[in-house]
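Me: I would like to go through some strand assignments and ask what each label rests on. Please show the structure before we start.

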Amino acid sequence: MPAQPGGGETVLALDRVSKRFGEAAAVDSVSLAIRRGEIFTLLGPSGCGKTTTLRLVAGLEQPDGGEITLRDRVVASAARRLFVAPNRRNLGMVFQSYAVWPHMTVFENVAYPLELRGLPRAAVREKVARVLDLVGLGGTETRPGTLLSGGQMQRLALCRALVYEPDLLLLDEPFSNLDAKLREQMRMEVKLLQRRLGITVLFVTHDQVEALSLSDRIAVMHRGRVEQVGAPRALYEQPASAFVRDFLGQTVVLTGRVTATAAARVGARVTVAMNGPLTGCTLAGRSTSAAPLAPGAAATIAIRPEDIRVAPGDAAGSEPDHLLGTIETLSFVGDRYEARVALGGEHCIVLLLTRTREWREGEGVRLGFPPEMVSVWPA
Amino acid sequence: MAGVTAVLAAPGPRRLELQTVLCTVVLAAVALCVVFPLLLVALQSLQVAPPGQPARYGLDGWRAALGEPGLRAALLNTLAVTFVRQLISLPLAVLVAWLLARTDLPGRAWIEFAFWAAFFLPPFTVTLSWILLLDPEYGLVNTALARLPFVTSGPFNIYSFWGIVWVHVLTGSLTVKVILLTPAFRNMNAAFEEASRVAGAGTLRTALRITVPVMAPAILSVLLLGTMVSLQTFEVEQVLGLPFRFFVFSTTIYDLLVTRVPRYDAATALAVLILAAMLPLVFAQQWLTRGRRYTTVTGQFQRRVHPLGRWRAPAAVFVMALVVIVLGAPVVFAVLGTFMKLFGFFHVPDPWTLANWQTVLTDDLFLRSLHNTLVLSIGTAVAAIVVHSLIAYIIVRTSYAGRRLLDFVSWLPFTVPGIILGLALLWLFLGVSFLRPLYGTATLLIVAGVIAGMPLGVQIIRSGLLQLGGELEEASRTAGASWWTTYRRIVLRLMAPTLIAVGMITFVGAARNIGNFALLTTSANRPLSILQLDYVAQRKLEEAVVVACIIMLVSLAGALLARLIGLRSGGLG
């Protein structure tokens, strides 16, 4: 029964939640709403406060400010000095180290939360067997938890967190200890499992590929604050800040001055004259600013490298929305080429070229910057 | 939604969590047993009326402690013994630790283990063994040397300042330093030394110019610890010092109290003086180890050892000789001593007998004391496991506001000489009316044993907890377990080997403890450790050595078991 992600009720709400460690604010007035059935990701570099936020939700830390509401129940409120212990929140959590209890077997690990909830023995056995089968751990019940492989331990930790059908599943960088191939596989498994069970997931990671591929919505965090919340594609294509733009994926950034603006709104078409070695070229793009970009104002243009259209040829003269470049170095990396392309002599950008054509070092290329893919930022 | 939150908020603005309450109870109990008695001792030093008469306050006790030549001599003797012990044992311990940890000394794992075992030898037993060897008239070493030409009489006298220092270096000073320093040396990054070697320095120069300076904080910390431990013992001076009227502060306190008219004021004033002298050491030690105790070695660096080259054999012989002196000789002669008709008299015809064992094992006094010791030691071990783990857990895992204070208070007994702690507890249990019925029972001794073992026990459990990591517990909490359930089902289970090891160590500590118990025992609760002291006082050395031998064997067995269960000596640091 797949839930409809993005719609429905709010499972978890954070209202201006803050947490300080000494002088430093680890989490600074963060407000979020996680809806039923979605995978919501906190993404950011290390030290941005994402794990602290997760631990605040779990009840492993107490907030210094704000309020956390779980299914219409306030579980932590600094103003009212209210705090619900982690064991009374009915959450599931998978830890970075998996925290598989070494003195218990696989069965005992998964049965533990059910025992705590006073389930009869038969029901415990049945539920544990069902959840272990779900992730392909059936048959390992009597093995000590720590004798499993990394991927199996990960699945076991997941079983333990899911078996009592928690209101919310918290994942704290659960894939970071796995090798690349296993990581990809587990990612897909978790997504499949989530879709099948309709559970709500709050996921913490610093890996943007992980975040983009797994999430329904992402909150990008930076220095304890939420920079932007949105669907993966929206974040990638319409980043609201330079931090989000540069943190998610690769970006080619060039500078210039505004020559003409259509209107003072986000998405309005702006034309920018490049400066430096690219003087004489103009590029057009969408404005990211609601404030008007006055002609003559310094501006930055940004584009994802894969959105640049690369064609061979060194036709002289400049045409709008195009730059000329030269391939400096070329590396064949299997499914494509990785090329360092010099623009106007000094500026270098890295582009991925298809292997449908034989590229050469020193060859001239024409780079098309489609205006709908270019964003213009106030400098 | 408003209704739901209103109900939840009902407990009111002051959130009184069970955890905070429990932590405060633990802190209060520990403070009651450690800090409060010491304050009582300080107060008592101003109370000059003889026991049984109404309290009168004055400075007579202090005048006596500072003025009477006997008491002043005791203070000076204490300082002299402490200073000379450290002076001899520290360079020796640094050398041994370096050899064990950083060189290719043959059999170094076994030798380290031997030092660990020697650490557990009861000082009292060791003292008796060395009497056999170094008694001025009958000592084996002396009689052997006297046969040499030009040696008219035995050159050594155990009943002397140097005799006391000798036994102290072997029991308290050297072994504890070696077992604390060896892991510290081992955990040092080898790159420091390798850089020095590459720069052209030899092994010796690298050790002196790089290794020792780099390790200076650790060495200094161990020196301070060693100084505090120096002041703990009491039995060595009691046995060796009494015959030539040599008193240190602990034997003086004992002497002042165990007479017909006890001088409580002078004894307590002396105790306060010693405590005051300890305080700078305590703060210096805490300051040195601040922040360092929490670092765990990740093992990312290489632990390559230096080849000793042609020094390998001499170094091995040297260290093996040390092992024979600190472990071999005491054990062998303690056992031999039990089979002697007249303790120490090897030259009488047919000196050997089994009668001592028969006498002791059938002695009613012995059997009662054995029973007392078993009750006391098992009780102490069980209570210590619960109390010490609770304290360590609060310090490491909770955010309880008073945990720093608890940390400090739990460390305090290490710095309080055993005889003073005994005195303080005596005051607590005699002075507080609802505790008075416990005087003369095993409970009082168990409290003393738990407190005496607290610094080491809490330290070991704490390093175990730090290695465990917090996520295993947090996983249990989020899975729905309360704090108490998590403690019971996750922490206690995972820590079981460490806790059993702590139990073994406290068991051994309680079985051999003399200093803490000397003032607290009556004929009703007298354990074996005090019985052997009483035997010595009655000049029944043959009986004393049998009891001492039994205690030694129990201690060694306990130490070996603790080691087997998986306690690493690194856990002590």
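The exchange below takes up a few strands of this predicted model.

Me: What makes strand β4 of chain A mostly covered?

Reply: Five of the six residues in β4(A), which spans residues 65-70, are buried. A residue is buried if 20 or more other C-beta atoms lie within 10 Å of its own, so five residues of β4(A) meet that cut-off.

Me: How do you know that β1(A) and β4(A) pair?

Reply: Pairing needs at least two bridges. Strand β1(A), residues 10-21, and β4(A) have five bridges, in the antiparallel sense, so they count as paired. One of the contacts has A:Ala13 with A:Thr69 as its bridge partner in β4(A).

Me: Why are β4(A) and β5(A) also called paired?

Reply: Four bridges join β4(A) to β5(A), residues 73-77; the requirement is at least two, so the pair qualifies. The two strands run antiparallel, and A:Ile68 has A:Ala76 as its bridge partner in β5(A). In their hairpin, two residues lie between the strands, and A:Arg71 takes a positive phi near 50°.

Me: Why are β16(A) and β19(A) called edge strands?

Reply: The open sheet has five strands in the order β16-β20-β17-β18-β19 of chain A, with antiparallel pairing. Strands β16 (309-312) and β19 (347-353) each pair on one side only. Neighbouring strands of this sheet are turned by 40° against each other on average, direction ignored.

Me: What makes β18(A) a partner of β19(A)?

Reply: Seven bridges join β18(A), residues 337-343, to β19(A). At least two are required, so these strands pair. They run antiparallel, and the bridge partner of A:Val341 in β19(A) is A:Ile349.

Note on methods: Residues numbered from 1 in each chain as written. Chains lettered and ligands numbered in written order. Predicted model: local features only at pLDDT ≥ 70, side-chain atom pairs only at ≥ 80, totals over all residues. Buried ≥ 20, exposed ≤ 12 C-beta atoms within 10 Å, placed from the backbone. Axes fitted to C-alpha atoms, helices over the stretch in contact; angles between N-to-C directions.
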